[in-house]
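This report describes how strands pair in one protein chain. Look at the sequence and the model before reading on.

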Amino acid sequence: MSNGAIPRLVIAAPSSGAGKTTVATGLMAAFAEAGLTVSPHKVGPDYIDPGYHSLATGRPGRNLDAYLCGPDRIAPLFLHGAAGADLALVEGVMGLFDGASGRGELSSTAQVAKLLRAPVVLVVDASSQSRSVAALVHGFASWDPEVRLAGVILNKVGSDRHEELLREAMDSSGVPVLGALRRDGRAGTPSRHLGLVPVAERRSEAVESVAELAARVREGCDLEALLALARTVPELPDAAWDPAAELAPAEGTAALEKPLIAVAGGAAFTFSYAEHAELLAAAGAEVAPFDPLRDEELPPGTQGLVIGGGFPEMYAPDLSANAPLRTAVAALAASGAPVSAECAGLLYLSRSLDGKPMCGVLPAEARMTERLTLGYREAVALSDNALATAGTRVRGHEFHRTTLEPGAGAAPAWGLTHPERRLEGFVSGGVHASYLHLHWAAEPALAGRLAASAARRAPVRGAAR
């Protein structure tokens, strides 16, 4: 089997809340437990569901976002992530046909399914219907003839009799029922203000939840029929995305030791796309993870720093209590070393978060609010900096309930151009800090520029390599 013909399914739903994550994660775990190498994927920018996917499969959960990366990169990124797998499962986002606001099908699950030439299995919340389920499925199956809706999994079924009524109704729809799952709260995944609680914050409970989801799926779904359906896909003509082909080693690194770029992780900083570390490595950097909740020093020899998103507001007291690391981060930033910070990283670099002292790199105060800021953004770099050259245009995503005062520095990181126009973020020395989440696969030069800047810096003083 060539990599382009890898068996694949898209798990979608009519709307959010139908149980896509429950079913997709359960299927991933069940197939992995059966001995298959399963490649997990998620439509859209979400960082949290891929954590559960990774736990279920033992492989990195990868995102497929046609808004952030462009439709042409979806199949190549999929093939890169699915290399060597026996089966790829793609969890959708929102309702099957819901995409970026005002942009038609762009970034919808339906668009990704078409780009991957993959059959769609629709997860239907059947808790308050019987015969109507057939009408609902018929509508979704006929809406876009290019989307191959090839099966249904009935979720939240109340009883044997309820399942019987649902299956009778579906007999006339022409779409086979490939599973029926009872209402069951035992394998719940707790939620918070921005969605599910990340795996890193509840590791042992998450392991138990995923195991229970796998058991429910094995009991309620026809795994053989689902795998047979996944194997009906055509070969994709695209070449797999290759970070090494996107970037040459950073300028000036050939005769030098690889620049070491530290990447924040742990429970407070869980938001990161796997391709970012791959691009940094392709640009000639050595990537060193560290945990700001536990580590009192940056990795020895650090020449650059990446602090991604997460939930620092949940850990503000612990992050603040780690004064030695806050001091080390501030010293690295003051040295002019490149520092890229997104959302949670932006807050961590501020003076304070909900009154708790942070790193003090940025002249701003952060706090939690009741207001959710959420959505795709388009922006342009206003000046040359450690991450981007002036005029670089990017697409990103905002996702937070915090606010920063002021919201932009004397030299802003970005000028937002859509859907609103405003200045955002901070550029100061080597620091680039912003609320905007980016997917560097869309603009690999960002990783290359960061690695090149790190290569020109001396390692942290006193830290031997």
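Which residue in E7 is the bridge partner of Val-157? It is Arg-182. The model in which this pair appears is predicted.

The two strands involved are E6, residues 149-157, and E7, which pair in the parallel sense over 4 bridges. They belong to an open sheet of 7 strands with parallel pairing. Read across the sheet, the order is E3-E2-E4-E1-E5-E6-E7. Strand E3 (62-64) and strand E7 (177-182) are the edge strands, and each of them pairs on one side only. From one strand to the next, the twist averages 25°.

A helix also packs on this sheet: H6, made of residues 132-143, touches strand E5 (120-125) and E6. The direction of H6 makes about 145° with that of E5.

Other strands of the chain pair in the antiparallel sense. Strand E16 (residues 365-381) runs antiparallel to strand E18 (residues 414-418), and 4 bridges join them. In this pairing, Glu-378 stands opposite His-418 of E18. E18 also pairs with strand E19 (residues 422-424), again antiparallel, over 3 bridges. Here Gly-415 has Leu-423 in E19 as its bridge partner. How many residues does the hairpin that joins E18 to E19 pass through? The hairpin connects them through 3 residues.

The table lists the three pairings described above.

| Strands | Sense | Bridges |
|---|---|---|
| E6 and E7 | parallel | 4 bridges |
| E16 and E18 | antiparallel | 4 bridges |
| E18 and E19 | antiparallel | 3 bridges |

As a general point, side chains in a regular strand alternate between the two faces of the sheet.

Conventions
Residues are numbered from 1 along each chain as its sequence is written. This is a predicted model: local features need pLDDT of at least 70, side-chain atom pairs count only at pLDDT 80 or more; totals for chains, interfaces and linings use all residues. Side-chain values use heavy atoms; hydrogens and water are left out. Two strands pair if DSSP finds at least two bridges between them. Axes are lines fitted to C-alpha atoms, for helices over the stretch in contact, and angles run from 0 to 180 degrees between N-to-C directions. Contact means heavy atoms within 4.5 Å.
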